[in-house]
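Thank you all for coming; I would like to walk you through one structure this morning, beginning with a single residue and working outwards from there. Please have a look at it first.

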Amino acid sequence: MKLTKRVDHRGFTTALLAAIVVLQLVPLTTYAQNLGAQPATGQAVQGQTAAQPEGTVLNLVNWVGNVIAPVGAALAVVMAVIAYSQGRGVMRWSVTAAGLLVVSGLTRLIEFWIQNGTGGVQ
């Protein structure tokens, strides 16, 4: 009687599928940054290039504060409504939504201070 070792390929398949999905979404992110009529592919805001570390960090902070946090807060509110409709606790989803909105608001405030702080205190 011959015993064979069963090989589980689920982890590899999942990683391969995730890589394919990420590679499909990369072109969408290059078109997502738009500074008016022309998309600024590979360009950071405020005259910096994305190749500079500060330009990359500024793009990351803008993306988190202006896109990720508000969308996450909206999803947390949806989850709170779903949890409430099923009779479960909603406090963790409510606190998560509020926290994400605070993160978004603070990053927008810091962005405002950076843009208007060059003139000095008036």
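**A walk along helix α3**

Let me start with T96, which sits in helix α3, the helix that covers residues 91-116; helices here are DSSP runs of H or I with at least four residues, strands are runs of E with at least two, and both are numbered from the N terminus. I should say early that this is a predicted model, in which local features need pLDDT of at least 70 and side-chain atom pairs count only at pLDDT 80 or more, while totals for chains, interfaces and linings use all residues. Residues are numbered from 1 along each chain as its sequence is written, and side-chain values use heavy atoms, with hydrogens and water left out.

Is T96 buried or exposed? The answer lies in between, because its relative accessible area is 37%, and partly exposed is the class between buried, under 20%, and exposed, over 50%, with a 1.4 Å probe and protein chains only. The side chain of T96 comes to 2.7 Å from the backbone oxygen of R92, and the C-alpha atom of T96 lies 8.7 Å from that of G72, which is 24 residues away along the chain.

Moving on, T107 also belongs to helix α3, and T107 counts as buried because its relative accessibility is 16%. Its side chain reaches the backbone oxygen of S104 at 2.8 Å. Which residues does T107 touch, once neighbours within four places in sequence are left aside? They are V61 and G65, where contact means heavy atoms within 4.5 Å.

L109 is placed in helix α3 as well, and it is partly exposed, at 34% relative accessible area. L109 is one member of a nonpolar surface patch, together with V102, L106, I110, F112, W113 and I114, and the patch has about 680 Å² of accessible area. A patch of this kind takes residues with over 30% relative accessible area and no salt bridge (a side-chain nitrogen of Lys or Arg within 4 Å of a carboxyl oxygen of Asp or Glu), and joins nonpolar side chains (Val, Leu, Ile, Met, Phe, Trp, Tyr) within 5 Å, or like charges within 9 Å.

Finally, the whole chain: it has 3 helices and 0 strands, in the order α-α-α from the N terminus. Buried residues make up 13% of its 122 residues, and its accessible surface, from the Shrake-Rupley method with a 1.4 Å probe and, for residues, only the protein chains shown as cover, comes to about 9700 Å², with 69% belonging to carbon and sulfur atoms.

Definitions and conventions: Polar contact = N/O pair within 3.5 Å; in protein donor to acceptor, adjacent residues only side chain to side chain.
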